Amino acid sequence: MIKLENVSKVYKGDVTALHDASVEVQKGEFVFLVGASGSGKSTFLRLVNKEETPEHGRIYVAGKDINTLSSWKVPYLRRNIGSVFQDFKLLINKTVYENVAFALEVIGRPRHVVRTQVPAILELVGLAKKMDNFPNELSGGEQQRVSIARAFVNRPLILLADEPTGNLDPATSVGIMRLLDRINRTGTTVVMATHDRSIVDTMRRRVIELDRGSIIRDQSRGVYE
Amino acid sequence: MAIKLDYVIRETGTNLFRNVTLTLASVLTVVVSLTLFGSALLLQQGVENANDRFKGGIEFIVYMQPAVSAEQKASIERDLDSNPDVRSKTYVDQDETYEEFKELFRESPQLIDMVSPEILPPSFRVAPRIQDPDVVKALGDQFASKPGVREVVFAFEVVQRIQETFNKIGVRFLAAAVLLLVAALMLILNTIRVAMFARRREIEVMKLVGATNWFIRVPFIVEGIIQTLLGAAVAVGFMTFLIRPFIDELSEDKILPIFQGFTVTDGNLVFTNILVVGVAALIGAIGSAVAVSRFLDV
């Protein structure tokens, strides 16, 4: 589903974010990316949905070489990839329903699809009763559920999560992880960058550890360190 | 690529009201610049129309020496009659000229006292068949060197003077209009830039979930075009209900006879208004397209 071949990414000022990284993630896998801040976890995720382009190497997503993808096709790549962030990136002037509906509207989905899909996904994430609330009326955990609903409402093949529990307390984080696990069980490939040791150790999924841009460990059913 | 109309309308409407002061600044600049631009065009067409009216009666006057001999006069008359380019001619003798002179200078009796019919030149007033100024000039010049002729005076020289004067005014109007249009363009560009900044979080999310580039761009470009079209609508109103009546008023002014024949036809007005709307749409499209391509990193 995701394949990196000898990928290097260097930012301005010779900051090496990723160095000669090669890795393959199969369809339906759940992968943790771990490593210190600045080890290249976020760059890894940004390369997969082509927010960044690598200096060297090739990246395949769903069998396609995305380096050669013309820029007008990038939006169609991203429709297959859901993204979740530490800071949720919700629109504060839109309700929960509108935030999720927005993701379908802007890719031109017909209104009847929006009307059926949005309540269904909000039911799935457990926010059916808060549809008409605004993000600032929700707890952090609830906001992250909205953002996951938005990422998943279009049923993408891949879900990328960049420290989704980074702003949440441990109990709330467990709830979010259950949700991500449930999404993974529908066949969606999940790649999650995290610093959360207890989550990684509890879930026992594949762990890829990065250190200063290099992959130093790739372990199935791994632990944080 | 299906871009829903109601989405574009909703987004554009919200944007226009979000930056109401900046929007107003751009719209007003567009109004002023386009009104100037359109007025310059109307003025120019007015002058052309005035020229056309003069053209209908374009004629030159062959003034003869007061002491012209009968043979010389007969020779000139023969030449005029046999010339295929001359449509008609009228002979004005010294007495008639004196009457004209008295009429023209009735406010200055001492001047009339100094003049008698004998010293005034008799003349042929000539209406040529072809009214092209160059042809008329060539025709008139043929008579300038004939014996007994004092000088040949062309009516269109006067017309040319008027036209040159108004062209100078028009050029200055146009220069000011162009400067203001450039200002309008930059204001539109900045208005759109601010609108994009205000919506940067939406844009970020749109990119993230895979909205196409044009889906993100179109509402901003539409916004720019709507702003300039609003300005154009006001400018068209100004030209139709203020500038044109003003020009008509000038042409009826008896004190300033220079403006006589100065008319703007309905056709002129429609043509100018269409041009103004076209320029407006172009300015809006260019301004917002530049803003979108420079500041919207999609």
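Two residues are said to be in contact when they have heavy atoms within 4.5 Å of each other. With that in mind, the report can begin with one residue of this predicted model, and then move to other residues, a helix, two spaces between the chains' residues, and the scores.

**Ser173(A) and Gln117(A)**

Ser173(A) belongs to helix H6 of chain A, which covers residues 170–185. Buried means under 20% relative accessible area, and Ser173(A), with a relative accessibility of 1%, therefore counts as buried. If its neighbours within four places in sequence are left aside, Ser173(A) is in contact with Thr165(A), Leu168(A), Asp196(A) and Ile199(A). One of these partners, Ile199(A), is 26 residues from Ser173(A) in sequence, and the C-alpha atoms of the two are 8.1 Å apart in space.

Gln117(A) lies in helix H4 of chain A. With a relative accessible area of 25%, Gln117(A) is partly exposed. Its contacts, again leaving aside neighbours within four places in sequence, are with Leu104(A), Val153(A) and Arg155(A). Gln117(A) can also be set beside Leu69(A), from which it is 48 residues away in sequence and 29 Å away in space, taken from C-alpha to C-alpha.

**Two residues with a positive phi**

Most residues other than glycine have a negative phi. Against that background, Ala62(A) can be noted for its positive phi of about 50° although it is not a glycine, and Arg212(A), also a residue other than glycine, has a positive phi near 45°. Where do these residues lie? Ala62(A) is placed in the loop between strand S4 (56–61) and strand S5 (64–65) of chain A, while Arg212(A) is placed in the loop between strand S9 (206–211) and strand S10 (214–219) of chain A. As for accessibility, Ala62(A) is partly exposed, with a relative accessible area of 41%, whereas Arg212(A), at 65%, counts as exposed.

The table brings together the accessibility of the four residues discussed so far.

| Residue | Relative accessibility | Class |
|---|---|---|
| Ser173(A) | 1% | buried |
| Gln117(A) | 25% | partly exposed |
| Ala62(A) | 41% | partly exposed |
| Arg212(A) | 65% | exposed |

**Helix H3 of chain A**

Why is H3(A) described as largely enclosed by the rest of the structure? Seven of the ten residues of H3(A) are buried, and so the helix is largely enclosed in this way. The buried residues are Val96(A), Asn99(A), Val100(A), Ala101(A), Phe102(A), Ala103(A) and Leu104(A). What covers them includes helix H4 (111–124) and helix H5 (140–152) of chain A, together with helix H8 (200–209) of chain B.

**A pocket and a cavity**

Rolling a probe the size of a water molecule over the atoms shows where empty space is left. The second largest pocket has a volume of about 230 Å³. The elements that give two or more residues to its lining are helix H3 (96–105) of chain A and helix H1 (5–18) of chain B. From chain A the lining takes Asn93(A), Lys94(A), Glu98(A), Ala101(A), Phe102(A) and Glu105(A), and from chain B it takes Arg10(B), Glu11(B), Thr14(B), Arg18(B), Arg199(B) and Glu202(B). By character, this lining divides into two nonpolar, two polar and eight charged residues.

There are also two cavities of 30 Å³ or more, and the largest cavity has a volume of about 110 Å³. Two or more residues of its lining come from each of strand S6 (81–85) and H5 of chain A and H8 of chain B, and S6(A) gives the most, with three residues. The residues lining the largest cavity include Ile81(A), Gly82(A), Ser83(A), Arg150(A), Ala151(A), Leu208(B) and Val209(B). This lining divides into five nonpolar, three polar and three charged residues.

**Chain B and the scores of the model**

Chain B is divided into domain 1 (5–54 + 159–295) and domain 2 (56–154), and the C-alpha centres of these two domains of chain B lie 50 Å apart. The average pLDDT of chain B is 83, and 90% of its residues score at least 70. Which element of chain B has the lowest mean pLDDT, and which the highest? The lowest value, 76, belongs to H1(B), and the highest, 93, belongs to helix H10 of chain B, residues 266–295. The model scores ipTM 0.90 and pTM 0.73.

Technical notes: Residues are numbered from 1 along each chain as its sequence is written. Chains are lettered from A and ligands numbered from 1 in the order in which they are written. This is a predicted model: local features need pLDDT of at least 70, side-chain atom pairs count only at pLDDT 80 or more; totals for chains, interfaces and linings use all residues. Side-chain values use heavy atoms; hydrogens and water are left out. On a 1 Å grid over the protein atoms alone, a cavity is a set of points where a 1.4 Å probe fits but cannot get out, and a pocket is an open set with protein on both sides within 12 Å along at least five of seven lines; lining residues have an atom within 4 Å of a point. Grid points are joined across faces, edges and corners, and a volume is the space filled by probe spheres set on the points. Helices (H or I, at least four residues) and strands (E, at least two) are DSSP runs, numbered from the N terminus. Ala, Val, Leu, Ile, Met, Phe, Trp, Tyr, Cys and Pro count as nonpolar, Asp, Glu, Lys and Arg as charged, and the others, Gly among them, as polar. Buried means under 20% relative accessible area, exposed over 50%, partly exposed in between (1.4 Å probe, protein chains only). pLDDT is the predictor's confidence in each residue, from 0 to 100. Domain bounds come from an automatic or database domain assignment.
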